[in-house]
Amino acid sequence: MRRSMAALAAVTLLSLIGCATDEPAAGPSGSTSAAGSGTGEQSKFFVQADYDAELALLDAAPTGPADKPWEQMLNPTMVDTARYKKAGPHKICFSNAALNNPWRQVGFKTMQAEVEAQRNRIKEFVHVDAEGKDQKQIADINDLLGKGCDALIVSPNTTATLTPAVEAACQAGLPVIVFDRGVNTKCPATFINPIGGYGFGHVGAEFVSQRTKPGGKVLALRILPGVDVLETRWSAAKVAFDKAKVDVVGVEFTDGDPAKTKKIVDDYLQRYGTIDGVWMDAGAVAVAAVEAFQDAGKPVPPINGEDQLDFLKIWKDKNLTAVAPTYPTYQWRTPIIAALRILDGQQVSNPWKLPQPTITRDNLDRYLDPGMPPLHYAMCGCTDLPGYPQRWK
């Protein structure tokens with residue numbers, strides 16, 4: 001029965017490959033609003049109830065081991081997984097959206113190390129990189145359904161386009177664990193991520209807006225459209241900026257490119273002379289944004305980055321007014337742990353919400369690690385894993 005269901009799911013997936021596209025959220029210029037027009041319309045991804053729930057989780061106390069945040073849960077809702085119980089050792093398969101930025105590279109090294117730490121329970125780990133392409137990931141998932149996987153982990157490239165592919169994988173009868181980025185279906189055995197985009201976007205935008213006078217000029221830098229966790233980061237930031245009545249002079253997509261980021265910041269400095277705050281939906285190019293102000297001989301305004309070490313270092317060295325909301329890379333450990341628990345028939349939380357710490361001036365020194373490379377992420381949760389620190393260098 002499972003074999004026939006897998007075959008049916010594979011046929012369904014093949015039919016998706018030729019037509020799967022997400023509607024773009026921005027025009028050809030890459031900007032979601034004209035200069036000086038403010039924050040524009042709220043994202044189609046915005047859900048008020050989810051926004052309220054995530055902001056409430058920022059103050060929630062986690063359950064689980066105090067020294068293992070990747071095993072902790074916020075307001076857990078436990079679900080039965082007895083139907084997936086299976087004798088090991090297991091073959092775990094992973095369809096990865098991409099390895100196209102330092103955050104994902106650090107996270108995947110953490111996942112690989114967790115697999116190694118569980119080698120007595122995992123006989124084979126199969127990883128397929130979709131290279132940031134929706135259609136390739138659909139094909140990848142289709143291929144994995146015929147590979148005898150005991151559990152399938154999926155980090156979707158984009159939300160809407162990958163939803164049917166994940167649903168088809170669920171129909172194949174094996175447990176599907178979605179993490180990092182979500183899909184628009186409840187069929188996975190669990191969806192794992194930290195508090196999420198609303199929490200991240202709110203923390204950064206509140207910090208910037210509280211240090212920017214009403215009417216002050218704020219530049220919002222985004223990576224790409226169509227990914228739920230990034231869209232909700234911007235949705236929460238829009239709420240904060242609208243409430244604070246700052247002037248969001250631009251919302252620009254950087255594609256995660258440092259050179260493009262510098263050019264965008266320089267263009268806005270030339271246009272307006274002064275920028276009073278910078279908000280980012282991800283921190284990979286935060287240093288490039290800081291350097292653009294320095295190159296122009298302008299003071300760096302209040303800014304948010306992330307827990308990437310190059311940003312933490314320049315923050316400390318230049319005494320920036322900054323904050324670092326995080327989307328911890330330690331979450332890459334959790335899908336492996338969850339897959340093994342599910343295959344043991346244990347209950348897991350669905351959704352499985354992980355803590356999402358914020359780095360502030362008060363705790364900055366705790367996360368600075370001069371022995372690790374600039375593009376390493378402080379929240380890797382990897383210091384107890386095989387191969388540390390060399391695997392991450």
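Helix H3, residues 102–117, lies across four strands: E2, E3, E4 and E5. Strand E5 covers residues 176–179. Relative to E3, helix H3 runs at about 165°. The model described here is predicted.

**The sheet**

The strands beneath this description belong to an open sheet of six, ordered E3-E2-E4-E5-E6-E13. Its pairing is parallel. Strand E3 (122–129) and strand E13 (352–354) are the edges, and each pairs on one side only. On average, neighbouring strands of the sheet are turned by 15° against each other, direction ignored.

Strand E2 spans residues 90–96, and strand E4 spans residues 151–155. Five bridges join E2 to E4, and the two run parallel. Opposite isoleucine 153 in E4 stands phenylalanine 94.

**Helix crossings**

Helix H6 takes part in two crossings, one with H2 and one with H7.

| Helix pair | Residues given | Axes come within | Crossing angle | Hand |
|---|---|---|---|---|
| H2 and H6 | H2 48–57, H6 197–210 | 8 Å | roughly 70° | right-handed |
| H6 and H7 | H7 228–244 | 7 Å | roughly 35° | right-handed |

The axes of H2 and H6 cross at roughly 70°. H2 is therefore roughly perpendicular to H6. From H2, the contact uses Asp50, Tyr51, Glu54 and Leu55. From H6, it uses Gly197, Tyr198, Gly199 and His202.

Against H7, helix H6 presents Gly197, Tyr198, Phe200, Gly201, His202, Ala205, Glu206, Val208 and Ser209. H7 meets them with residues including Val229, Thr232, Arg233 and Ser235. Ala236, Ala237, Ala240, Phe241 and Ala244 are also among the H7 residues in this contact. Gly197, Tyr198 and His202 of H6 appear in the contact with H2 and in the contact with H7.

**Nonpolar cores**

In soluble globular proteins, nonpolar side chains tend to be buried together. Here the largest nonpolar core holds 73 residues. Which of its residues touch the most other members? They are Phe311, Leu312 and Trp315.

Phenylalanine 311 also has contacts beyond its neighbours within four places in sequence. These are with Ala286, Val287, Ile303, Asn304, Gly305, Glu306, Ala322, Val323 and Ala324.

A second core is separate and has 20 residues. Ile138, Leu145, Cys149 and Val178 are among them. Val178 falls in the range of strand E5 (176–179), one of the strands that helix H3 lies across.

Conventions:
Residues numbered from 1 in each chain as written. Predicted model: local features only at pLDDT ≥ 70, side-chain atom pairs only at ≥ 80, totals over all residues. Heavy atoms only, no water. Pairing = 2+ DSSP bridges. Axes fitted to C-alpha atoms, helices over the stretch in contact; angles between N-to-C directions. Contact = heavy atoms within 4.5 Å. Core = buried A, V, L, I, M, F, W, Y, C linked by side-chain atoms within 4.5 Å. Buried < 20%, exposed > 50% of the residue type's maximum accessible area, 1.4 Å probe, protein only. Parallel < 35°, antiparallel > 145°, perpendicular 65-115°, else oblique. Left-handed = near helix turned anticlockwise from the far one by under 90°.
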